[in-house]
Amino acid sequence: MEWIQQLINGISLGSIYALIALGYTMVYGIIKLINFAHGDVFMVGSFIGFYSITVFGLGFFPALIISMAACALFGVIIERIAYKRLRNATRIAALITAIGVSLLIEYGVIYIRGAQPEAYPDVFSNRSFAFLGAQISIQSILILSVSVVLMILLQFIVHKTKTGKAMRAVSHDTEAAKLMGINVDNTISATFAIGSALAGAAGVIFGVYYTKIDPLMGVIPGVKAFVAAVLGGIGIIPGAMVGGLVLGVVETVVSALGFSLWRDAAAFVILILILIFRPSGIFGKNTREKV
Amino acid sequence: MKKSKFASLFLSISLLIGILAGCGSDGEEGTSTESKGGDTIKIGANLELSGGVASYGTSEADAIDLAIEEINAAGGINGKQIELIKVDNKSDAAEATNAAIKLTSQDKVVAIIGAATSGNSVAQVQIATDTKTPMISPSGTSTTVTVGEDGKVNPFTFRTAFIDPFQGTVAANFAANELKVKTAAVYADNASDYAKGLAAAFIKDFEAAGGKIVAEESYVAKDTDFRSNLTRIKSANPEFVFIPGYYEEVGLIVKQARELGITVPLMGADGWDSPTLVDLAGADALNNTFIITAYSSEDPDGKAKEFSDNFEKKYGKVPNSFNALGYDTVYLLKDAIERADSTDGTKIKEALEATDQLELVTGLYSVDENHHPIKSAIIIEFVDGSQQFKAKVNP
């Protein structure tokens, strides 16, 4: 029975990684930028959710929606201010800028409200029920279903809407998309908005599930989500979902076997192995680089 | 060669100035030169009155004032009044050393109380040893305060608070004798010496008491997901879980443990003691959890009750454990000076070493060969988010 419990633990953790990884992968897919500030958007989303619940007395779902909307806007602002003018710069310049933005957000938040952690209020009852000998809390069910709904929604946006079509086109070939009359700037902004909204949602979910939030909380989940995105094949949306879940389950299994101190190392060992043996990830197609 | 000559000249001049300055201030103060044989006993307090941990130092200073007031009102020590000289070490180790030099060379105190933190206490050990001035740290809990790096005891250094690993012993005794559990799990922060020391002491003493450790897990500070470790602990089915660590992680551990259906008693040490713990874990999850502290204002014992009342009368607030430890340090010193019947440093030191079952606010106090106290500890139980006095465990 222990294993069912561990599997549930792993999937809950993995779905949070997956939500963050989606933002990484979408942005990479469209402008080939590893947006290292993404983990901090996640943190900001978590704090917006926290203040919506504690200061404005909102419930979980309104807080989730406010946080997603605010993060979408925040993501667009970051893109417009920091990344837009670097669109034709070298990739390393954009990458360094992303790290700079990340630090700016982290320490900006510390400057505004201090570095002390905050405890998320209980928005759901702590009730749990036994299922095949495992304790499943109502929280983890809700969290899992919110993640799944958001992922389905994302698939719908990408495949069934005009914006999604434009995103896919820009991702495929920016120049050609521009020639076809697609507003590339707006499409990139839309990508940032959607990715950041997902990070915001992950932030609120993280807060509810793990209780403690602080201004540097985005660093490790951000890096883990990046590993998840690479694992699934960076730039590929289903890859990020699967990569996140796999990573969550692997980390939990490593702990469950009694190697909890190696848990973080396991994530990075996976990253190294993937980069050596299958650089394009689980879902990636091996495309030869054109010279 | 030239350089070193210059350096030695410079050093000797500055030494000379130091000696002269010492003489100067002695001369100025006139009567105090004879204080060692005179009608007052001078005690120095080297405390963190400002800086990062000023709240520790000022808490202790308040209580020291109260204790000295009481002693002087009752006729002093062996008929002599106590004169307290307080020096602010600004929560800084270098300042703590300077303060100790000032107290021993200028003020010629009989003994030093302080500092509140281990680091600032260690900073004055050398001065205490060189000048043969006993010093007592009220709340320095690191073993390095009284035992040097080389494993040798610092002869003139004592402490009032128990050392960290001692809390592991208390927890083991409490689990085995009061809760009467046979199996226990340990879940410790692998990144902190504090938690590792506590865990080791707990395991040793719990097994010595006939208990069995069924699971040993570790985490690393800053982790947020403890569910997989806790699931392992749950499947080992312990009757008791010992979680030495700090409140930031412990709050989450307690919450997640209860969610996973671990309903057995959980216990920690003073690292849990923060209002944030209740926010993180939630009041419900904290029921049936215990912590160890040096002092509780709810202790119904006569001495503790009296202190709490007197303190509240003077300062209008409920005393905390730093207050209690500061207060006890004065009485510990008073007892030693009385028994030594002298203000000679070496004699006081010998008397301190012989302290046996002295009744203080924080319980019965004895000293072991490492100058670590063997003393009572208080077990606090969380009931609906508030701390309640549960038991006093005597050594």
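The exercises below work through helix packing, sheets, domains and the chain contact of a predicted model.

In this predicted model, local features need pLDDT of at least 70 and side-chain atom pairs count only at pLDDT 80 or more, whereas totals for chains, interfaces and linings use all residues. Residues are numbered from 1 along each chain as its sequence is written, and chains are lettered from A and ligands numbered from 1 in the order in which they are written.

**Exercise 1. Determine how α5 (138-160) and α8 (184-210) of chain A are oriented to each other, and which residues make their contact.**

Step 1. Helices (H or I, at least four residues) and strands (E, at least two) are DSSP runs, numbered from the N terminus. Axes are lines fitted to C-alpha atoms, for helices over the stretch in contact, and angles run from 0 to 180 degrees between N-to-C directions.

Step 2. The angle between α5(A) and α8(A) is about 175 degrees, and their axes are 10 Å apart. Angles under 35 degrees count as roughly parallel, over 145 as roughly antiparallel, 65 to 115 as roughly perpendicular and the rest as oblique, and α5(A) is therefore roughly antiparallel to α8(A).

Step 3. Two residues are in contact if their C-beta atoms, placed from the backbone, lie within 7 Å. The residues that α5(A) brings to the contact include Ile143(A), Val146(A) and Leu150(A), while those of α8(A) include Leu198(A), Ala201(A) and Ile205(A).

Step 4. Ala, Val, Leu, Ile, Met, Phe, Trp, Tyr, Cys and Pro count as nonpolar, Asp, Glu, Lys and Arg as charged, and the others, Gly among them, as polar. In these terms the contact of α5(A) with α8(A) has 11 nonpolar residues, 2 polar and no charged.

**Exercise 2. Describe the crossings of α2 with α9 and of α3 with α4 in chain A.**

Step 1. Helix α2 (38-54) and helix α9 (219-232) of chain A pack at an angle of about 130 degrees, with 8 Å between their axes, and are therefore oblique to each other.

Step 2. A crossing is left-handed if the near helix is turned anticlockwise from the far one by less than a right angle, and right-handed if clockwise; α2(A) passes α9(A) in a right-handed crossing.

Step 3. His38(A), Gly39(A) and Phe42(A) of α2(A) meet Val219(A), Pro221(A), Gly222(A) and Val223(A) of α9(A), which gives 4 nonpolar residues, 3 polar and no charged in this contact.

Step 4. For α3 (60-83) and α4 (91-113) of chain A, the angle is about 130 degrees and the axes are 11 Å apart, so α3(A) is oblique to α4(A). Their crossing is right-handed, and Ile78(A), Ala82(A) and Tyr83(A) in α3(A) meet Ala94(A), Thr97(A) and Val101(A) in α4(A).

**Exercise 3. Set out the two open sheets of chain B and the helices that lie on them.**

Step 1. Two strands pair if DSSP finds at least two bridges between them. One open sheet has 5 strands in the order β2-β1-β3-β4-β5 of chain B, with parallel pairing. At its edges stand β2 (81-88) and β5 (157-159) of chain B, each with a single partner strand, so one side of each is left without a neighbour in the sheet.

Step 2. Within that sheet, β1 (40-47) and β3 (111-114) of chain B pair in the parallel sense over 4 bridges, and Ala45(B) stands opposite Ile113(B) in β3(B). Helix α3 (93-106) of chain B packs on the sheet, where α3(B) touches β1, β2 and β3 of chain B.

Step 3. Another open sheet has 7 strands in the order β7-β6-β8-β9-β10-β14-β15 of chain B, with mixed pairing. Its edge strands are β7 (212-219) and β15 (386-393) of chain B, and 4 bridges join β10 (289-293) to the antiparallel β14 (377-383) of chain B. Helix α6 (164-178) of chain B runs at about 85 degrees to β15(B).

**Exercise 4. State how chain B is divided into domains, and how chain A touches chain B.**

Step 1. By an automatic or database domain assignment, chain B has domain 1 (28-162 + 303-376) and domain 2 (165-293). Their centres, taken over C-alpha atoms, are separated by 33 Å.

Step 2. Between the chains, 21 residues of chain A are in contact with 25 residues of chain B. The side of chain A that touches chain B receives the most from α1(A), with 5 residues, and its residues divide into 6 nonpolar, 12 polar and 3 charged.
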